[in-house]
Amino acid sequence: LPHVCIAYAGSFMKKNPWYIGAATLGTVILVFLGTRGTLLCLCAFLVFTILVSGRLKHPIFFLFISIVVMVALFYFGILDFLYEVADEHGFSLRIFNKIEEGEIANDTGRTPIRRRIWEYILMRPTSGWGIYSDRRVAAGHYAHNIILELMMHYGIPIALIVFALLVYLFARAYFYLRQGNDVRGQHFLAAILFSACF
């Protein structure tokens, strides 16, 4: 994911066919790996950088055209072609199957996990249960939600402070990098780290 984001950042800074090709191929590989969260992180990075980077004169129009082009590509059989390639080479078909079944946004059973973790948070709202306690109470699973995990580990007050500090740290780093002579696009790196890690 970070490497694909870097390829997109490079293509935003300089219209180089190598960057564009690497970004496109990397996106296809991410689809073949079958993890929806990774694709969501990539989409968040792209939307954020398109709207905020200042590299495009009409970012909303660019986003709209990009969505239309993607829908058109899928309509003309690109999705079926990618399915066949993934199936032939032993890649994951999970993303394709989720799209076909209309369950791409289904939480795949995470709601009961989150409910159970929330029940435990309410038992000890101020002190928490310790690091990785969400795995213990959810039979090895975790919440896929950083706020819930922090509250489970440290209690609600400390979790909210830590979360606010993380958001502040990312925001401060991003705006600091944007103020300088940013010829190499360091602010893209902050957006990549935020999208891929946070």
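Asp 134 is found in helix α8, which spans residues 133-137; helices here are DSSP runs of H or I with at least four residues, strands are runs of E with at least two, and both are numbered from the N terminus. Asp 134 is buried, with 0% relative accessible area, where buried means under 20%, exposed means over 50% and partly exposed lies in between (1.4 Å probe, protein chains only). Bear in mind that this is a predicted model, in which local features need pLDDT of at least 70, side-chain atom pairs count only at pLDDT 80 or more, and totals for chains, interfaces and linings use all residues. Residues are numbered from 1 along each chain as its sequence is written, and side-chain values use heavy atoms, with hydrogens and water left out.

**Around Asp 134**

- Asp 134 forms a salt bridge with Arg 135, and the closest N and O atoms are 2.9 Å apart; the term covers a side-chain nitrogen of Lys or Arg within 4 Å of a carboxyl oxygen of Asp or Glu.
- The side chains of Asp 134 and Arg 135 also make a polar contact at 2.9 Å, that is, a pair of N or O atoms within 3.5 Å where, within protein, one must be able to donate a hydrogen and the other to accept it, and where residues adjacent in sequence count only if both atoms are side-chain atoms.
- Leaving out residues up to four places away in sequence, Asp 134 touches Ile 117, His 141, Tyr 142, Ala 143, Glu 149, Met 152 and His 153; contact means heavy atoms within 4.5 Å.

**The salt-bridge network**

- The structure holds two salt bridges.
- Besides the one with Asp 134, Arg 135 meets Glu 149 side chain to side chain in a salt bridge, at 3.6 Å from N to O.
- That second pair links distant parts of the chain, with Glu 149 in helix α9 (residues 146-154) and Arg 135 in helix α8, 14 residues apart.
- Shared partners join Asp 134, Arg 135 and Glu 149 into one network.
- Glu 149 counts as buried at 16% relative accessibility, while Arg 135 is partly exposed at 24%.
- As background, side chains of opposite charge can pair when their charged atoms come close.

**Rings and a charge at Trp 129**

- There are two aromatic pairs in the structure; rings of Phe, Tyr and Trp (its six-membered ring) pair if their centres lie within 6.5 Å, with planes under 30 degrees apart counted as stacked, over 60 as edge-to-face and the rest as tilted.
- One of them is Tyr 120 with Trp 129, whose ring centres are 5.3 Å apart and whose planes sit at 70 degrees, so the pair is edge-to-face.
- Trp 129 has a charge to deal with too: the charged end of Arg 124 sits over its ring, 3.7 Å from the centre. The cut-offs for this are NZ of Lys or CZ of Arg within 6 Å of the ring centre and within 35 degrees of the ring normal.
- Trp 129 counts as partly exposed, at 23% relative accessibility.

**Nonpolar cores**

- The largest nonpolar core has 24 residues, and those with the most contacts inside it are Tyr 8, Leu 42, Phe 45, Leu 46 and Phe 96; such a core is a set of buried Ala, Val, Leu, Ile, Met, Phe, Trp, Tyr and Cys residues joined through side-chain atoms within 4.5 Å.
- The elements giving two or more residues to this core are α1 (2-13), α2 (17-33), α3 (36-52), α5 (78-88), α6 (94-101) and α11 (186-197).
- With six residues, α1 gives the most to this core.
- Tyr 8 is in contact with Ala 23, Thr 27, Leu 42, Phe 45 and Leu 46, leaving aside its neighbours within four places in sequence.
- Apart from this core lies another, of 12 residues, among them Ile 117, Val 137, Ala 138 and Leu 150.

**Leu 82**

- Leu 82 lies in helix α5 and counts as buried at 15% relative accessibility.
- Not counting residues up to four places away in sequence, Leu 82 touches Val 28, Phe 32 and Phe 96.
- The C-alpha atoms of Leu 82 and Phe 32 are separated by 8.4 Å, with their positions 50 residues apart along the chain.

**Positive phi in the loops**

- Tyr 132, in the loop between α7 (110-123) and α8, has a positive phi near 65 degrees.
- Ala 139, in the loop between α8 and α9, has a positive phi near 55 degrees and counts as exposed at 68% relative accessibility.
- For context, most residues other than glycine have a negative phi.

**The chain overall**

- The protein chain comes to 11 helices and zero strands.
- Of its 198 residues, 29% count as buried.
- Among contacts with a separation of 6 or more, 56% are between residues 24 or more positions apart.
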